[in-house]
There are 4 protein chains.
Amino acid sequence: MSAQNTKAKIGILGASGYTGAELARLLIRHPRVEIALLTADRRAGKPMADVFPQFAPYVLPTLTAIEGADWQALALDLAFCALPHGTTQKVVADLMARAPATKVVDLSADFRLADPTSYARWYGHEHFAPALQKEAVYGLTEVYRQKIKAARLVANPGCYTTCAQLALIPLLKAKAIDPDEIVIDAKSGMTGAGRAAKEEMLFSEVSEGFHAYGVGHHRHMSELDQEFSLAAGREVIVSFTPHLVPMNRGILSTIYVRGLDKASPEDLHVLLAKAYASEPFVHVLPFRTMPQTRHVRGSNMTFVGVAADRIDGRAIICSALDNLTKGASGQAVQNMNVMLGYPETMGIDQVALFP
Amino acid sequence: MSAQNTKAKIGILGASGYTGAELARLLIRHPRVEIALLTADRRAGKPMADVFPQFAPYVLPTLTAIEGADWQALALDLAFCALPHGTTQKVVADLMARAPATKVVDLSADFRLADPTSYARWYGHEHFAPALQKEAVYGLTEVYRQKIKAARLVANPGCYTTCAQLALIPLLKAKAIDPDEIVIDAKSGMTGAGRAAKEEMLFSEVSEGFHAYGVGHHRHMSELDQEFSLAAGREVIVSFTPHLVPMNRGILSTIYVRGLDKASPEDLHVLLAKAYASEPFVHVLPFRTMPQTRHVRGSNMTFVGVAADRIDGRAIICSALDNLTKGASGQAVQNMNVMLGYPETMGIDQVALFP
Amino acid sequence: MSAQNTKAKIGILGASGYTGAELARLLIRHPRVEIALLTADRRAGKPMADVFPQFAPYVLPTLTAIEGADWQALALDLAFCALPHGTTQKVVADLMARAPATKVVDLSADFRLADPTSYARWYGHEHFAPALQKEAVYGLTEVYRQKIKAARLVANPGCYTTCAQLALIPLLKAKAIDPDEIVIDAKSGMTGAGRAAKEEMLFSEVSEGFHAYGVGHHRHMSELDQEFSLAAGREVIVSFTPHLVPMNRGILSTIYVRGLDKASPEDLHVLLAKAYASEPFVHVLPFRTMPQTRHVRGSNMTFVGVAADRIDGRAIICSALDNLTKGASGQAVQNMNVMLGYPETMGIDQVALFP
Amino acid sequence: MSAQNTKAKIGILGASGYTGAELARLLIRHPRVEIALLTADRRAGKPMADVFPQFAPYVLPTLTAIEGADWQALALDLAFCALPHGTTQKVVADLMARAPATKVVDLSADFRLADPTSYARWYGHEHFAPALQKEAVYGLTEVYRQKIKAARLVANPGCYTTCAQLALIPLLKAKAIDPDEIVIDAKSGMTGAGRAAKEEMLFSEVSEGFHAYGVGHHRHMSELDQEFSLAAGREVIVSFTPHLVPMNRGILSTIYVRGLDKASPEDLHVLLAKAYASEPFVHVLPFRTMPQTRHVRGSNMTFVGVAADRIDGRAIICSALDNLTKGASGQAVQNMNVMLGYPETMGIDQVALFP
């Protein structure tokens, strides 16, 4: 796949949702990729521009239904799966059985939990593809880059969880913070809620207001538990509250932590800055400078800031990313690049769109 | 003042800012009030409608400069002071010296801190009117109603602090939560930042984004320290982080607390519900129902919700209010009503404007 | 009904939509009204606060289905009908047959067109209640006040059409503008599109963008044709293009007109100012001052401005109102006041909420 | 300059404004460009990331003051001038005198009007660089491509005028519409107003509202007059009204026209479609499909739609572009590409960012 002039054949399953559109936006200009398949069951037969008019000027495959797809004949090099939870497991299992050479980056939550018991508890049913659940590699690129290189199926992380993990994993690994005293107060733009037509997502229900949701019982917690516990080498359960911001894109996590062994806020900052010194998509700001979501909009960047709380020994960390880019489709392309042996930043090095 | 048909003569000092406009909005329709004075130094001589066109249909006094005001001749029953920090102390001291019969509700932070040392530490200079600082009554109506009745000078609380205090004071008083383990993650609409023309408040700098500010060192903390310590009967210092939401009005505080003596989240809910059972402007929602700022917009209401965190013994409390109404001018009118012997809800019983 | 201390028994049919909520907001504080009935078929059995949490602090009837309503027993003095097009005709016909003493203000488009042929052409079917269509009085209060007083059924005007008519009808009546050369470019906030869950109304589809819709063939045109032709005494057909603005409330109409018989823009301004000199809800701004929707938000006001175009003999008129208030529910209450003999401004004299 | 591997040395004068930032966004990823100079007088000495934090991850020159610039030594291949009106003329005259080999793309209005009399009338003073005013080439790339190739100084068009011209010039040239009957109702996002800290641009003054401004006398009209008259071969004066939309980016022009010689709306559509068939940055939508600004956000695209008005012989045309990209900095880079012999789409072929 990595010969200089060949293009990988790519499919986007679920192209009529926001993460599907974001994949298309990035892949249209990716120099080593050809979009060979776009599926959208309810819009099958329509041009992509009917569903997302911004694509009107570009030549793209007509939307098709997944059902009819002949995975073997399509011979995709890689498929992005941007389908709803549940459906995903069946589609991916079928695809990977029929086209063993096709790699998959799955953007749903279906393959993120490695433990079948944990999956069943949070999702209320047994996993439909337990073998694949085991095989899947968790796709936080900065942490699992080596495994992703060899993976056939990558479970792309959630947007909230990417944002919180990038801020905390180096600190947990270094045992620099108290794993029992982490509070994550997270705020997300509306595209994180998807494109399904629900009353509570209407413009007039959302604009000019702010609220928390899923308080005490949000599904993303299981993903945080898994990865934080792995990083800390012991069980970690955090307080986590998601909120909705009247904006399209962006997540800001405000994270309250306490240093261990006299680790000061400055120490935590140094730790993070070192951990990400050579990472292209994580940028640690100067101590006390805090990130804003608008400054990463449309880019694959994560900005991280650290400040001292006025209570001794406590620090406040903020991390910001674009939920559709680094929080979903951008990281998915980053993973594709790793899986196909391309330069990791290829096609996803856009500068943020501000204002 | 409380004879059925008389109207109190009222002045608004600083009528060209947002809290001034909000006072005008409420007072124009208040049945027992006559707006006799509107000041705005830089706009002196202009009609109020030049500064806030929404008032074009109403007859209001022309804007004047404070400097020329003859407080004695004006014989105001009550003046609302909506001036910037610092200026306020001098104006209020002068006004109250010349017109001893005029009561004052001050919306700045100048008279909120009772302790001169604390004031000097947070504001970097000695108080200009230490006697008045001592005399001033802190104007969180639900807590200090009796003192406000007799007060000549009321220090109207801040918007962030009103929101957090209404959620926490009954719990601190009841010693139901651990005062050392309180995290307040607060989010405010943009009107809280006032009307001064600053680059960082421009529409294009603010819309479509979210960020924290003043992390670790926001001035409102001193006000929280004072009132929480009084309520708890011991020193209380909380973690507090303010954020800006791309919306005009509203504050949501997400508060992380831990029950003491096995107080469960449900217990905390019961405590709050009882504390506010007969309060007209604080409404405790059913357990696990969380408030949204949009549902109190333009009203003097505070909505409070309580839910259990998934970590045993911890609860998450959200409180929501409109920063310009209950968080500033609405509460100021509420205090005026108490000070003048009017029904407490008079003129501020508007139903929230949603959507 | 007009005895000082009695309250009219009022019903809101269709209380789960935005115009229903706006009616509730206004009527809760109306001193001569008791809300006796709230219907919402799909939410029947639920408290109003489940559907619109801003009403949580108020005592209101539980939502019921229309089907079971015993109109005779209910003995409503007046029912507001805020139901979708089509349904309305049947419900109103049934209600008025069973409870002849109950007056109706209908907020749908169903009874606005007096001509059955015109109705059938625009809506694609015969009217279901042709007798009532004939009886209904068109509810633009400023124009039809006398007829409304005696009406049993009032067809409340559309939001776009109220905004354009208030700007143009005095000019057409005075034959001061060329009826063949009117261009109305109208812009509306999103609540005008209602609360139905549609993909194109989602926050992320709407925010940060602007577009025209229904270009060349919007149904509201029939209502404009009817009323403009009546005012001009001859057939009038205008160019009319509606647009959607990423905001909740407000309509601005930018109207391009040409003076007849040398009527200058200043002359047109004088004409409008005189026409509305004593109207409580239409305010004509000084010549060349143009209105902004934000300055009428939440109020029943219409602001009108006139300026000269740089092309001789042409003027540009802008009118602004809140589509949910003067453009729908506020005007509906204004009509109720007229029908029940109450002061016309009762309960709808709120000052605009800005910012 | 066009050797495959060399990079042009580029300067951005006025890098602290929005068009400056947009230039930086595009040029950072332009493969044939090196940003050698960034000026911002009041921020001189600071890193670009202090002024626009989105650039924190990139290596860029420190901001400098224009005054000290040694144009000869800098030996820029091309300078983008994004300075305020007035200042521009002096800076550009000085720069071009000292560094005759440096080409200039000016984003201000200073060199757009070819006629000194017209300039003096609209701007109230004689032009400071009349010789350059004469030399400057108007930079609407699609129309003046050949002249731009050879130009030393290009006057980049305004955002409103680019949007209206792309929709109308082919029709005026073809004499397909009546030049005396054109109404342009234009709506712009807030970045068009720049980054200067003005009260009327504050978030809370802008959000949740809509209004017209500069009614009857907007300066952009002179630019429209000039270009429309040139295209039509006779004097053309249009009605033009700009409005502000509570969004960051985007302009939509709704244009009312009348066909000449029985040209139908369909005919006008065919004319436009043909005119732009091979243009990379103007896309004519199918007849009756109307553009939305959100679908060109962040891209250099202009979308144009045509529909029939219901009045015979009249058509409604909508055109949409991003005011900072095709309306300013994107078109400036497009012009740079033409001037330096690069492929015209190089570095500005980003797909629109939606949602």
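Here are some notes on the two-chain symmetry, one helix pair and the cysteines of this predicted model.

1. Housekeeping: residues count from 1 along each chain as written, chains are lettered from A in written order, and side-chain values use heavy atoms, with hydrogens and water left out. Since this is a prediction, local features need pLDDT of at least 70 and side-chain atom pairs count only at pLDDT 80 or more, while totals for chains, interfaces and linings use all residues.

2. Chain B lays on chain A with an RMSD of 0.0 Å after a turn of 180° and a shift of 0.0 Å along the axis (least squares on C-alpha atoms of residues with pLDDT of at least 70 in both). That is the relation of a two-fold axis. Of the interface residues of chain B, 100% are also interface residues in chain A, so the copies meet through the same surface.

3. In chain A, have a look at α7 (residues 141–150) and α12 (residues 325–340): their axes, lines fitted to C-alpha atoms over the stretch in contact, come within 9 Å and cross at roughly 35°. The contact (heavy atoms within 4.5 Å) includes A:Arg145 and A:Ile148 from α7(A), and A:Gln334 and A:Val338 from α12(A). Its residues divide into three nonpolar, four polar and four charged.

4. Looking for disulfides (cysteine sulfurs within 2.5 Å)? A search of the whole structure finds zero over all chains. For A:Cys81, the nearest cysteine sulfur is that of A:Cys159, 17 Å away. A:Cys81 counts as buried (under 20% relative accessible area, 1.4 Å probe, protein chains only) because its relative accessibility is 1%.

Note on methods:
Axes are lines fitted to C-alpha atoms, for helices over the stretch in contact, and angles run from 0 to 180 degrees between N-to-C directions. Helices (H or I, at least four residues) and strands (E, at least two) are DSSP runs, numbered from the N terminus. Ala, Val, Leu, Ile, Met, Phe, Trp, Tyr, Cys and Pro count as nonpolar, Asp, Glu, Lys and Arg as charged, and the others, Gly among them, as polar. A disulfide is a pair of cysteine sulfur atoms within 2.5 Å. Buried means under 20% relative accessible area, exposed over 50%, partly exposed in between (1.4 Å probe, protein chains only).
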